[in-house]
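Morning, everyone. I'll take a few minutes on one chain. Please have the sequence and the model up as I talk.

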Amino acid sequence: MEMTVQLTIDCSDPQRMVAFWAEALGYVAEPPPGGHATWRAYWAAAGVPGEELPTGAGDVPESIIDPSGQGPRVWFQQVPEPKAAKNRWHFDLKVGGGRDVPLDVRTRRVRTTVDRLVKAGATVLRIREEPDMGFYAAALQDPEGNEFDVV
């Protein structure tokens, strides 16, 4: 049996999350299948009743995909309630290259990525700098407050 993985993230603004996480992960917005102009048009053609589609659902991409086809699809599902607590999962964006890479190089890579993601809408929560342990990382939040790390 073949299996694929989709990560579904509840959010209030799928369009904003698609833009941010596509930038963060190097993904692209997923185009609607079968030549349909929008996902909404695709869902309507597939028989999804209009009353099951909230206003605006599917008018803009709500999912991102890895252009190489290796990573999981990420769908940003619009929900009415706001984020209420710290998420129990998070992304680790491993940009440093691992312990075989000199600490100064890893630190520079993390800082460069953090700067790029802050410009895209992230907020820095804290920096963990432990040179005696050969460690440098940053904890951030995406535009809707979901925590993630850059290491």
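**After the third helix**

Start at G121. This glycine follows helix α3, and its phi is positive, near 125 degrees. Keep in mind that this is a predicted model.

Now back up into α3 itself. The helix covers residues 103-119. That is 17 residues, with 24 Å from the first C-alpha to the last. The span is close to the 24 Å expected at 1.5 Å a residue.

Which residues of α3 are buried? The list is V105, R106, T107, V110, T113, V114 and L117. Note that R106 and two threonines, T107 and T113, are on that list along with the valines and L117.

What do those buried residues pack against? One partner is a helix, α1, residues 14-25. The others are the strands β5, β6, β7 and β8.

Those four strands form a sheet. It is open, and its order is β5-β8-β7-β6. The pairing is mixed. At the edges sit β5, residues 92-93, and β6, residues 123-130. Each of these edge strands pairs on one side only. Helix α3 packs on this sheet and touches β5, β6, β7 and β8, the last being residues 147-150. How does α3 run relative to β7? The two directions make an angle of about 10 degrees.

Look at one pairing in detail. Strands β6 and β7 run antiparallel, joined by 7 bridges. Strand β7 is residues 135-141. To find the register, take E129: its bridge partner in β7 is Y136.

Next, the earlier strands. β1, residues 6-11, runs parallel to β4, residues 73-78. There are 6 bridges between them. Q6 stands opposite R73 in β4. β4 also pairs with β3, residues 63-65, this time in the antiparallel sense, over 2 bridges. Here I64 stands opposite V74 of β4.

Step back to the whole chain. We have 3 helices and 8 strands. Along the sequence the pattern reads β-α-β-α-β-β-β-α-β-β-β. The C-alpha atoms fill a box of roughly 60 × 35 × 30 Å along the principal axes.

How much of the chain is buried? Of the 151 residues, 34% are. The exposed area is about 9,400 Å², and carbon and sulfur atoms supply 52% of it.

Last number. Take the contacts between residues at least 6 apart in sequence: 60% of them join residues at least 24 apart.

That's my tour. Over to you.

How values were computed
Residues numbered from 1 in each chain as written. Predicted model: local features only at pLDDT ≥ 70, side-chain atom pairs only at ≥ 80, totals over all residues. Heavy atoms only, no water. Pairing = 2+ DSSP bridges. Contact = heavy atoms within 4.5 Å. Axes fitted to C-alpha atoms, helices over the stretch in contact; angles between N-to-C directions. Expected span 1.5 Å × (residues − 1). Buried < 20%, exposed > 50% of the residue type's maximum accessible area, 1.4 Å probe, protein only. Areas by Shrake-Rupley, 256 points an atom, 1.4 Å probe, with all protein chains shown as cover.
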